[in-house]
Amino acid sequence: TSFLRFVKNCNMHKFDTVYQLFEASYGKPAISVAAAGRANIIGEHTDYHEGFVLPFAIDAAIYFCAKQGNSNAAEIISLDFDEKYDANVVPIKGSWQLYVHGLLSDLKTRFQIIATPVILFGGNLPMGAGVSSSSALCCGLIEVVNILYDLGLTAIEKVKWASEIEHGTGVRGGKMDQYAICHGQAGKAMLLDCRSLSHKDISLPETWQFLLLNTGVKHNLAFTAYNQRRQEAEDALAELNKHETGLVTLRDATVDQVNHWLEKGSLYHRRALHVVTENKRVAAFELCAQMGDIRNAGRLMNQSHESLQNQYEVSCEELDFLQQQAAKCNSIYGSRMMGGGFGGCTISLIQEVDERDISIIRQAYLKKFGLLPDYFTVHPAPGLVHYG
């Protein structure tokens with residue numbers, strides 16, 4: 001499949017590889033866990049405003065093998081980065097070691113556990129592509145220590161802890177990614193209410209598939225305007241609250257309120273308008289899925305991209321180009337940027353993989369940006385999996 005070709009090209013690791021490497025160095029693991037990545041169909045930059053999102057855990061993951069360590073220091077190794085965690089060095093911003101650092105620190109302060117596990121991990125989840133590799137890493141590490149130290153965490157406790165670890169690295173994100181990973185089921189997307197942190201399962205039509213095209217632009221949200229966008233939207237809410245009552249977040253605002261109280265076209269107006277209209281698009285997409293209306297579902301994805309590009313301004317030239325090229329293809333019903341933005345992947349709604357259409361898009365991208373974008377299809381899969 002195209003995804004397997006993508007994995008091969010990226011020299012990524014499968015579960016068997018991780019298991020065999022662990023066994024060769026440390027003996028049989030006590031725990032083997034997979035933490036999936038996440039795709040989000042629609043509902044972008046709404047989660048941290050307590051809005052609505054429609055994600056699913058994908059059939060690509062980070063694989064962890066672990067056991068109790070014998071030494072007085074944790075031995076944690078990333079195969080993908082070919083690095084070993086060093087407790088004596090403060091991790092640099094953007095490093096995977098920051099998440100490990102946060103986890104071990106929390107174990108000490110919250111649970112009074114000086115953790116010295118041996119953990120080896122690697123996977124087939126592309127880093128910086130907007131498929132939540134950092135959340136998969138956090139959720140996977142939490143699941144490992146949850147079992148290893150018998151912490152008895154609930155799914156929601158895992159979600160909240162993973163979110164706090166990520167916040168500790170400097171990104172003020174929401175809880176969608178962690179929730180989708182901790183609750184993901186095969187064949188199901190989820191309509192998640194980010195206020196109540198509860199969801200209902202959404203069965204997508206069997207013929208629907210999602211194609212991801214990777215810009216190759218690596219985005220680390222800690223280095224982008226992600227936090228700035230969140231602050232601007234919260235400032236817009238504060239402005240609305242000068243005139244309205246009961247608006248806890250932008251989720252509570254209406255389009256009429258945004259248009260009435262915020263100057264049309266102003267920064268605050270644009271930021272608020274995206275959040276309010278995007279929440280509506282999530283509800284509309286659910287109806288389209290129920291009816292099997294793929295054309296209108298695709299239109300909603302196109303509208304989402306336009307809003308993310310022009311109102312919330314979290315897209316980039318490469319994402320916009322891929323989205324525009326996709327709009328020209330008969331096999332693609334809708335397309336938009338996915339994830340925090342400023343790079344990563346587009347997600348497109350398709351029924352069948354049309355290699356000719358994909359080739360045209362990739363060649364056009366190569367001609368413009370000098371890079372042939374990787375592509376793969378994703379399907380709803382279990383989020384956390386235990387082996388053995």
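This report walks through two helices, the nonpolar cores, a pocket and some backbone angles. The model is a predicted one, which is worth keeping in mind as you read.

**Two enclosed helices**

Let's begin with helix α4, which covers residues 133-148. Its 16 residues reach 22 Å from the first C-alpha to the last, close to the 22 Å expected at 1.5 Å a residue. Because 14 of those 16 residues are buried, α4 is largely enclosed by the rest of the structure. After the helix comes D150, with a positive phi near 50°.

Helix α11 (residues 317-327) is also largely enclosed, because eight of its 11 residues are buried. Those buried residues are E318, L319, D320, F321, L322, Q323, Q325 and A326. Their cover includes the strands β9 (209-214), β10 (332-337) and β11 (345-350), along with the helices α10 (294-310) and α12 (355-369).

**Nonpolar cores**

The largest nonpolar core holds 76 residues, and those touching the most other members are I41, L54, F64, I76, W161 and F285. Helix α4 gives the most to this core, with nine residues. A second, separate core has 24 residues, among them V258, L262, L308 and V314.

W161 deserves a closer look. Leaving aside neighbours within four places in sequence, W161 is in contact with L103, D106, L107, R110, F111, I142, V145, L151 and L153. Two of these partners, I142 and V145, carry numbers that fall inside the 133-148 range of α4.

**A pocket to explore**

The second largest pocket offers about 280 Å³ of space. Of the 14 residues lining this pocket, A74, Y85, A87, L104 and A115 are the closest to its centre. By type, the lining divides into eight nonpolar, four polar and two charged residues.

**Positive phi away from glycine**

Most residues other than glycine have a negative phi. Here are two loop residues that depart from that pattern.

| Residue | Phi | Loop | Relative accessibility |
|---|---|---|---|
| Q112 | about 55° | between α3 (97-111) and β6 (117-123) | 61% |
| E313 | about 55° | between α10 and α11 | 31% |

How do the two sit with respect to the surface? With over 50% as the cut-off for exposed, Q112 counts as exposed because its relative accessibility is 61%. E313, at 31%, counts as partly exposed. The loop holding E313 runs between α10 and α11, and α10 is also among the elements that cover the buried residues of α11.

Terms used. Residues numbered from 1 in each chain as written. Predicted model: local features only at pLDDT ≥ 70, side-chain atom pairs only at ≥ 80, totals over all residues. Heavy atoms only, no water. Buried < 20%, exposed > 50% of the residue type's maximum accessible area, 1.4 Å probe, protein only. Helix = DSSP H or I, 4+ residues; strand = E, 2+ residues; numbered from the N terminus. Contact = heavy atoms within 4.5 Å. Expected span 1.5 Å × (residues − 1). 1 Å grid on protein atoms, 1.4 Å probe; cavity = no way out; pocket = protein on both sides within 12 Å on 5 of 7 lines; lining within 4 Å. Points joined across faces, edges and corners; volume = space filled by probe spheres on them. Nonpolar A, V, L, I, M, F, W, Y, C, P; charged D, E, K, R; others polar. Core = buried A, V, L, I, M, F, W, Y, C linked by side-chain atoms within 4.5 Å.
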